[in-house]
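Trainee: I should like to request a close look at a single part of this protein, set against the chain as a whole. Please explain each step as you would to a first-year student.

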Amino acid sequence: MQKTEKNYQSLPSPCWLLEEEKLVQNLELLKRVKVQSGAKILLALKGYALWKSFDTIRAYLDGCCASGLHEAKLADEEFRREVHTYSPAFKEEEIEEIASISHHLVFNSPAQFKRFAMRAKEINPSLSLGIRVNPEFSQAPKEIYNPCGLYSRLGSTLENLDETILDQCDGLHFHALCEEDSDALEGVLKAFEEKFGRYIPQMKWINFGGGHHITRKGYDIEKLISLIREFKSRYHVEVYLEPGEAVGWQTGPLVATVLDIVHNGIDIAILDTSAEAHMPDTIIMPYRADVRGAGEAGEKTYTYRLGGNTCLAGDIMGDYSFDGPLQIGDRIIFEDQMHYTMVKATTFNGIKLPSIAIERVNGEIDVVREFGYEEFKNRLS
């Protein structure tokens, strides 16, 4: 099908629609950072894992960072470049396979390093080992997303770092950002170097983690490039970044359909999607998703509460206003739903997972996956 607004009516509903042209624009920005800074950039699968688009991404990025066995296998099978695996805790029965397909293996604690590092190295002698550290500094906007917050389980603080493991370490990993600019990274780097700087010269690489909002409008790319170049010059190490959201940022919507309109004090449009099942960050984070053509409640003539098609009373996307009245069958387009939504989606209440489509650069739209009853049934027993 050709690229027109009417094509949304031809899509299955609900449906995630990746706009490949916008993905490439993000990748070109990331390529610029790579070339001008000398850093390597990995795709964080926890934020974006639409593997049918990996053929496009592979030409720009150096590999993937995985959070465990399944993400590592996906990276190995479908991305086929570097695989960097970190987990808050590895399992005994999985470490052999993880080690065999990873290039970097990062442990969360000295205890996990001591338990698994040498065994992993025996399985894969070329494996590069690292430890995640906690710089105990972050400007994360929400405490739930603050990996350096009070009592964080993520990474070893300086006080708890066992120096005896460092002779076997090739690198240090930290992650302290959440949708932040390069000035936040500057603060984290200062804290990281103050606490762990004496160990850096013996390392081969330092991983700056994720949360870098590089492709967001207004992000200070020049500062990021400068910070990386200066760090590499000071320590002569390889630097890695692990953006996920920045790869998928503003690359496509979730398209849904109005199933019914009811009135109970306000007009309520019930959709064939769900905030709880398909857009959980709108409830967890929380944030208000943009809807194409809509405004705040009362801003335009007709205001509706958009609700999901589950039995959860709180399955609500929010109150939006429109220029005209909504009708049953109208498409509602939730902007910027390609990162973190797809990887978190569930079949709660038996609701069908959204289909996945890709709008190619030439304007053609391919529906690459549709889901049904089997996905709901098979995950339960």
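**Aspartate 181 in its setting**

Mentor: The model before us is predicted. Let us begin with the surface of the whole chain and then move to aspartate 181. The accessible surface of the protein chain comes to about 16900 Å², and carbon and sulfur atoms contribute 48% of that area. Of the 381 residues in the chain, 54% are buried. The chain contains 13 helices and 17 strands. Its radius of gyration is 22 Å, close to the 21 Å given by the globule rule for 381 residues, so the chain is as compact as a globular protein of that length. Along the principal axes, the C-alpha atoms fill a box of roughly 65 × 45 × 45 Å. Among contacts with a separation of 6 or more, 68% are between residues 24 or more positions apart. As for charge, the chain carries 42 positive and 58 negative charges, and the mean positions of these two groups are 3 Å apart.

We may now turn to the residue itself. Aspartate 181 lies in a loop, with strand E7 (171–173) on one side and helix H7 (182–196) on the other. Is aspartate 181 buried or exposed? Its relative accessible area is 18%. A residue counts as buried under 20%, and aspartate 181 is therefore buried.

Two polar contacts of its side chain deserve attention. One joins aspartate 181 to the side chain of serine 182, at 3.2 Å. Another, at 3.4 Å, joins the side chains of aspartate 181 and arginine 216. Arginine 216 also appears in the list of residues that aspartate 181 contacts once neighbours within four places in sequence are left aside; the others in that list are Gly218, Tyr219 and Asp220.

A second residue, tyrosine 235, offers a useful companion study. Tyrosine 235 is found in helix H8, which covers residues 221–235. The relative accessibility of tyrosine 235 is 15%, and this residue therefore counts as buried. Which residues does tyrosine 235 touch, not counting those up to four places away in sequence? They are Glu193, Gly197, Ile200 and Pro201. With glutamate 193 there is also a polar contact between the two side chains, at 2.6 Å. Finally, tyrosine 235 and alanine 191 are separated by 44 residues in sequence, and their C-alpha atoms are 16 Å apart in space.

Methods
Residues are numbered from 1 along each chain as its sequence is written. This is a predicted model: local features need pLDDT of at least 70, side-chain atom pairs count only at pLDDT 80 or more; totals for chains, interfaces and linings use all residues. Side-chain values use heavy atoms; hydrogens and water are left out. Helices (H or I, at least four residues) and strands (E, at least two) are DSSP runs, numbered from the N terminus. The radius of gyration is taken over C-alpha atoms; the globule rule is 2.2 Å times the number of residues to the power 0.38. Buried means under 20% relative accessible area, exposed over 50%, partly exposed in between (1.4 Å probe, protein chains only). Contact means heavy atoms within 4.5 Å. Accessible areas come from the Shrake-Rupley method with a 1.4 Å probe; for residues, only the protein chains shown count as cover. Lys and Arg count as positive and Asp and Glu as negative; His and the chain ends are not counted. The place of a charge is taken as NZ of Lys, CZ of Arg, CG of Asp or CD of Glu. A polar contact is a pair of N or O atoms within 3.5 Å; within protein, one must be able to donate a hydrogen and the other to accept it, and residues adjacent in sequence count only if both atoms are side-chain atoms.
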